[in-house]
Amino acid sequence: MQQKLKIAIQKSGRLYEDSVKLLKDCGIDVKNGINKLKTEAENFPLEIYFLRDDDIPQYVEDAVADIGIVGENVVFEKNKKVQIVEGLGFGKCRLSIAVARKDEYTGVASLQGKRIATSYPVLVENFLQSKGVKAEIHEISGSVEIAPGIGLADAIVDLVSSGSTLFMNGLKEVEVVLKSQAALIRNENLSAEQMQVLERLLFRIRAVKKAKNNKYVLLNAPNEKLEEIISLLPGMKSPTVLPLAEPGWSSVHSVLSENQFWDIIEQLKAAGAQGILVVPIEKMII
Ligand code: ATP
Ligand code: MG
C-alpha cells in the first residue's frame with residue numbers, strides 16, 4: 001500500500017475553509033474535521049491533521065506532519081526549517097504598521113524609541129533593524145489593535161486585509177512590513193515515496209489554481225471579422241473555430257486569464273463579437 005502523506009491544516013479560523021476547499025477541489029474527500037484532530041482521505045494517500053496555525057511550522061519541521069498549509073507570515077515569523085513549496089492564492093493579507101489616526105507619521109525613523117505592540121516580534125525586529133531603527137517591542141498574542149487606545153503602545157504591527165479593524169479602532173495603516181498569502185510548506189527530508197505523493201498533490205493544486213485564474217470564453221463572430229477576433233485571443237494553443245448553422249458566422253472558443261479578461265472582452269465586442277459566454281473552468285492541465 002502506498003505510504004500516506006500527513007498534511008497539517010488550520011483547525012478553525014481564517015484559513016480553515018479555504019484549505020479544506022482546496023483539497024476538495026483537488027478531488028480529495030475530506031470528512032469534516034471540526035472537533036477532530038485528524039481524518040483520512042478515502043481516495044488519496046493523505047492524512048489530514050487539524051491544528052492551530054502557529055504550531056504548523058514546528059510540526060512540519062519535526063515531521064509530525066510532512067506538509068502543511070499556513071500563512072507565509074507565520075512561516076517567516078516562526079523561522080523553522082521548512083520549505084515553502086507553493087503559494088496558494090488565498091489568505092491574502094499584509095503585516096502593517098499602524099498608528100493612531102491623529103498621530104503624524106513621517107516614516108519608519110519616527111518609531112525610534114517608541115513602544116510597538118505586535119504578535120510578530122521576529123518580523124518586526126528584522127524590519128526595524130533593516131531600517132536602522134530601535135524600538136521597544138511588546139509581544140501580545142491577540143487584540144493588538146486596542147493597544148494604542150489603552151496606552152500600551154505608540155504603534156502596532158498587525159495583519160490587515162480590508163483595514164476595517166484598524167479604522168474601527170481609530171488607527172491608520174502607515175507602512176507594509178510584509179505581504180502574505182497561504183502557502184504549502186513541506187518537511188525538508190521527505191522520502192522519495194513521500195515526494196511522489198506530494199508531486200501528485202501539487203499537480204492537482206496547480207491545475208485548480210490555473211483554472212481559477214482562467215475563464216472559458218465562447219462567442220459568435222461574423223466570418224469577415226474572424227481574423228481580427230482570433231488575433232485578440234491568446235488561447236492555450238489557438239482558439240477553436242466552428243461553423244455556426246447560420247451561414248457567414250462562426251463560433252469561437254478560447255481561454256482567457258482573469259487579469260486580461262475585461263480588456264479583451266471589450267476589444268472583442270468592438271471587433272464585432274456577439275453572444276459572448278464566459279464559463280468558469282474547473283480544472284486546467286497544460
Ligand atoms: P489559530 O487559532 O489557528 O492560532 P489565529 O487566530 O492565529 O488562529 P486567524 O486569525 O485564523 O489565526 O488567521 C490565520 C491566518 O489567516 C493568518 O496568519 C494570515 O496568514 C491569514 N489572514 C488573512 N487575512 C487576515 C486578516 N485580515 N487578519 C488576520 N489574518 C489574516
Ligand atoms: Mg494562530
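## Around Arg52, the magnesium site and the cores

Arg52 is a good place to start: with a relative accessibility of 56%, Arg52 counts as exposed. Keep in mind that this is a predicted model. Arg52 makes a salt bridge with Asp54, and the closest N and O atoms of the two are 3.1 Å apart. Asp54 itself is partly exposed, at 29% relative accessibility.

**The magnesium ion**

Which residues hold the magnesium ion (ligand 2) as protein donors? They are Asp53 and Asp54, each through OD, at 2.0 to 2.1 Å from the ion. Asp54 therefore turns up twice, as a donor to the magnesium ion and as the salt-bridge partner of Arg52, with a relative accessible area of 29% that makes it partly exposed. Asp53 has a relative accessible area of 19%, and because the cut-off for buried is under 20%, Asp53 falls on the buried side.

**Salt bridges**

The structure holds 12 salt bridges. Here are three of them, with the closest N and O atoms of each pair.

| Pair | Closest N and O atoms |
|---|---|
| Asp25 and Lys21 | 2.9 Å |
| Arg52 and Asp54 | 3.1 Å |
| Arg206 and Glu86 | 2.9 Å |

The Asp25 and Lys21 pair sits within helix α1, where the two residues are 4 apart, so about one helical turn separates them. Lys21 is partly exposed, with 43% relative accessibility. This pair doesn't stand alone: Lys21, Asp25 and Lys212 are linked in a network of salt bridges.

Arg206 and Glu86 also form a salt bridge, at 2.9 Å between the closest N and O atoms. That pair links distant parts of the chain, with Arg206 in helix α6 (residues 192–212) and Glu86 in strand β5 (residues 82–87), 120 residues apart. Is each partner buried or exposed? Arg206 is partly exposed at 39% relative accessibility, while Glu86 is buried at 12%.

**Rings**

There are 2 aromatic pairs in the structure. One of them is Tyr16 with Phe50, a tilted pair whose centres are 6.3 Å apart and whose planes make an angle of 50°. Tyr16 belongs to helix α1 (residues 16–25) and Phe50 to strand β3 (residues 46–51), so this pair ties together parts that lie 34 residues apart in sequence. Both Tyr16 and Phe50 are buried.

Phe261 and Trp262 also pair up: their ring centres are 5.0 Å apart and their planes stand at 80°, so this pair is edge-to-face. Phe261 is buried at 6% relative accessibility, whereas Trp262 is exposed, with a relative accessible area of 61%.

There's a charge-on-ring contact too. The charged end of Arg101 sits over the ring of Phe167, 4.4 Å from the ring centre.

**Nonpolar cores**

In soluble globular proteins, nonpolar side chains tend to be buried together. How many residues are in the largest nonpolar core? This core has 29 residues, and those with the most contacts inside it are Ile7, Ile28, Leu46, Ile48, Ile69 and Leu184. Two or more residues come from each of β1 (5–10), α1, β3, β4 (67–71), β11 (182–187) and α6. Helix α6 gives the largest share, 6 residues.

Leu46 is worth clicking on. Leaving out residues up to four places away in sequence, Leu46 touches Lys4, Leu5, Ile7, Leu23, Ile28, Glu40 and Ala41. Ile7 and Ile28 are among the residues with the most contacts in the core, as is Leu46.

Apart from this core lies another, of 28 residues, including Val108, Leu111, Ile116 and Leu128.

**The loop at Asn223**

Where is Asn223 found? Asn223 is in the loop between β12 (214–222) and α7 (226–232), and at 36% relative accessibility it counts as partly exposed. Asn223 and Pro247 are 24 residues apart in sequence, with their C-alpha atoms 8.9 Å apart in space. Not counting residues up to four places away in sequence, Asn223 touches Gly248, Trp249 and Ser250.

Notes: Residues are numbered from 1 along each chain as its sequence is written. Chains are lettered from A and ligands numbered from 1 in the order in which they are written. This is a predicted model: local features need pLDDT of at least 70, side-chain atom pairs count only at pLDDT 80 or more; totals for chains, interfaces and linings use all residues. Side-chain values use heavy atoms; hydrogens and water are left out. Donors are N, O and S atoms within 2.8 Å of the metal (3.2 Å for Na, K and Ca); water is not among the atoms, so sites may look incomplete. Buried means under 20% relative accessible area, exposed over 50%, partly exposed in between (1.4 Å probe, protein chains only). Rings of Phe, Tyr and Trp (its six-membered ring) pair if their centres lie within 6.5 Å; planes under 30 degrees apart count as stacked, over 60 as edge-to-face and the rest as tilted. A charge sits over a ring if NZ of Lys or CZ of Arg is within 6 Å of the ring centre and within 35 degrees of the ring normal. A salt bridge is a side-chain nitrogen of Lys or Arg within 4 Å of a carboxyl oxygen of Asp or Glu. A nonpolar core is a set of buried Ala, Val, Leu, Ile, Met, Phe, Trp, Tyr and Cys residues joined through side-chain atoms within 4.5 Å. Contact means heavy atoms within 4.5 Å.
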